[in-house]
Amino acid sequence: MKTPYQEWTEEVLNTSIRVGSIKPRSKVHKYTRATKHGKTIVCPECNKVATVYHFAWSALSCQHCNNMIDKYDWKLL
Ligand SMILES: [Zn+2]
């Protein structure tokens, strides 16, 4: 369940990525870990963010474009 703060944060990040003021620099790798506050990852198909709380999955479908994205294809900010 997302908090209003998280939704606001994701909206700000989505806008920043869209206008190019921030760019995802790397991809998820096998040592990527989430903190208890979650980790922001970016869909490689639509460049929108998602927040995850663990990486115990091999693929995750994007809530924005509905593509099934392999773990190591997600990008990191
Ligand atoms: Zn997507």
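This tour moves through the chain from the overall fold to its sheet, its hairpin and its helix. The model is predicted, so local features need pLDDT of at least 70 and side-chain atom pairs count only at pLDDT 80 or more, while totals for chains, interfaces and linings use all residues. Residues are numbered from 1 along each chain as its sequence is written.

Begin with the whole chain, whose elements run α-β-β-β-β-β-β from the N terminus, helices (H or I, at least four residues) and strands (E, at least two) being DSSP runs numbered from that end. The radius of gyration, 12 Å, is close to the 11 Å that the globule rule gives for 77 residues, so the chain is as compact as a globular protein of that length; the radius is taken over C-alpha atoms, and the rule is 2.2 Å times the number of residues to the power 0.38.

Next, select the open sheet of four strands, ordered S1-S6-S2-S3 with antiparallel pairing, where two strands pair if DSSP finds at least two bridges between them. S1 (26–27) and S3 stand at the edges with a single partner strand each, so one side of each is left without a neighbour in the sheet. At the S1 edge, two bridges link S1 to S6 (residues 75–76), and serine 26 stands opposite leucine 76.

Move then to S2 (residues 39–42) and S3 (residues 49–52), which are joined by four bridges, with valine 42 opposite valine 49. Six residues lie between these strands in their hairpin, where asparagine 47 takes a positive phi near 60 degrees.

Finally, select helix H1 (residues 4–19), which lies across S2 and S3 and runs at about 140 degrees to S3; contact means C-beta atoms, placed from the backbone, within 7 Å, and axes are lines fitted to C-alpha atoms, for helices over the stretch in contact, with angles from 0 to 180 degrees between N-to-C directions.

Note on methods: Two residues are in contact if their C-beta atoms, placed from the backbone, lie within 7 Å.
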